[in-house]
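Biologist: I have a fold on screen and want to learn how to read it. Where should I start?

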Amino acid sequence: MSKHARPPVLPDVLEPGLRLVLCGTAPSRISAARGAYYANPGNYFWRTLHAAGLLPQPLPASAFRRLPEFGLGLTDLAKHHSGNDDQLPADAFDVPALRRKITRHAPCVLAFTSKNAAQAALGARVAYGAQSVRWGETALWVLPSPSGQARRFWDETPWHALARAVRALR
């Protein structure tokens, strides 16, 4: 069975006109089991979106389909796999598919929610923050992973800088 023969673990939340699309590597096993992005209670994603001002109120992971109401979208590099990055098969990331989605929907900003995701997508080492390259009209950002397993690297500062940049787009 090819990697595209099975349905995605979680559906993309994408549409034209979004200010920001957040892209992870793959859903965690807990997120896959709960059918919602960033559903592990130890993950900082949802609370950080609110703390940074990207969401006007806290949302539970189960409300991920509401993000376009706030100009936000979601996707992953590995749409057909779940688990920790080190558990994913070598061919799990589909960078060409991600680029096609971003080109088609043309969000103002695509932010990778981990260096792993960004480095896989960009093919180079990256630093946190705004990147010097763009995908078409879409600006690229790299954020520290909100996963509880990446807690030693956690820094909310780049998330707040992203939120300021996104608010400036209005």
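Modeller: Start with the sheet. This is a predicted model. Strands of a sheet pair through backbone hydrogen bonds, either parallel or antiparallel. Here five strands form an open sheet with mixed pairing. Read across, the order is β2-β1-β3-β5-β4.

Biologist: Which are the edge strands?

Modeller: Look for strands that pair on one side only. Those are β2 and β4, the latter spanning 129-135. From one strand to the next, the twist averages 25°.

Biologist: How many bridges join β1 to β3?

Modeller: Four, and the two strands run parallel. Take Cys23 as an example: its bridge partner in β3 is Phe112.

Biologist: Which helix packs on the sheet, and what does it touch?

Modeller: Helix α3, residues 95-105. It touches β1, β2, β3, β4 and β5. The direction of α3 makes about 85° with that of β4.

Biologist: Now the interior. Which residues have the most contacts inside the largest nonpolar core?

Modeller: Leu20, Leu22, Trp46 and Leu74, in a core of 31 residues. Next, ask which elements supply it. Those giving two or more residues are β1 (20-24), α2 (45-51), β2 (72-76), β3 (109-112), β5 (138-142) and α5 (157-167). The most comes from α5, with four residues.

Biologist: What does Leu74 touch, leaving out residues up to four places away in sequence?

Modeller: Its contacts include Val13, Leu14, Leu22, Tyr37, Phe45 and Phe64. Asp12 is also one of them.

Biologist: How many residues are in the other core, and what are some of them?

Modeller: That core lies apart from the largest one and has 17 residues. Among them are Val21, Phe112, Ala117 and Ala121.

Methods
Residues are numbered from 1 along each chain as its sequence is written. This is a predicted model: local features need pLDDT of at least 70, side-chain atom pairs count only at pLDDT 80 or more; totals for chains, interfaces and linings use all residues. Side-chain values use heavy atoms; hydrogens and water are left out. A nonpolar core is a set of buried Ala, Val, Leu, Ile, Met, Phe, Trp, Tyr and Cys residues joined through side-chain atoms within 4.5 Å. Buried means under 20% relative accessible area, exposed over 50%, partly exposed in between (1.4 Å probe, protein chains only). Contact means heavy atoms within 4.5 Å. Two strands pair if DSSP finds at least two bridges between them. Axes are lines fitted to C-alpha atoms, for helices over the stretch in contact, and angles run from 0 to 180 degrees between N-to-C directions.
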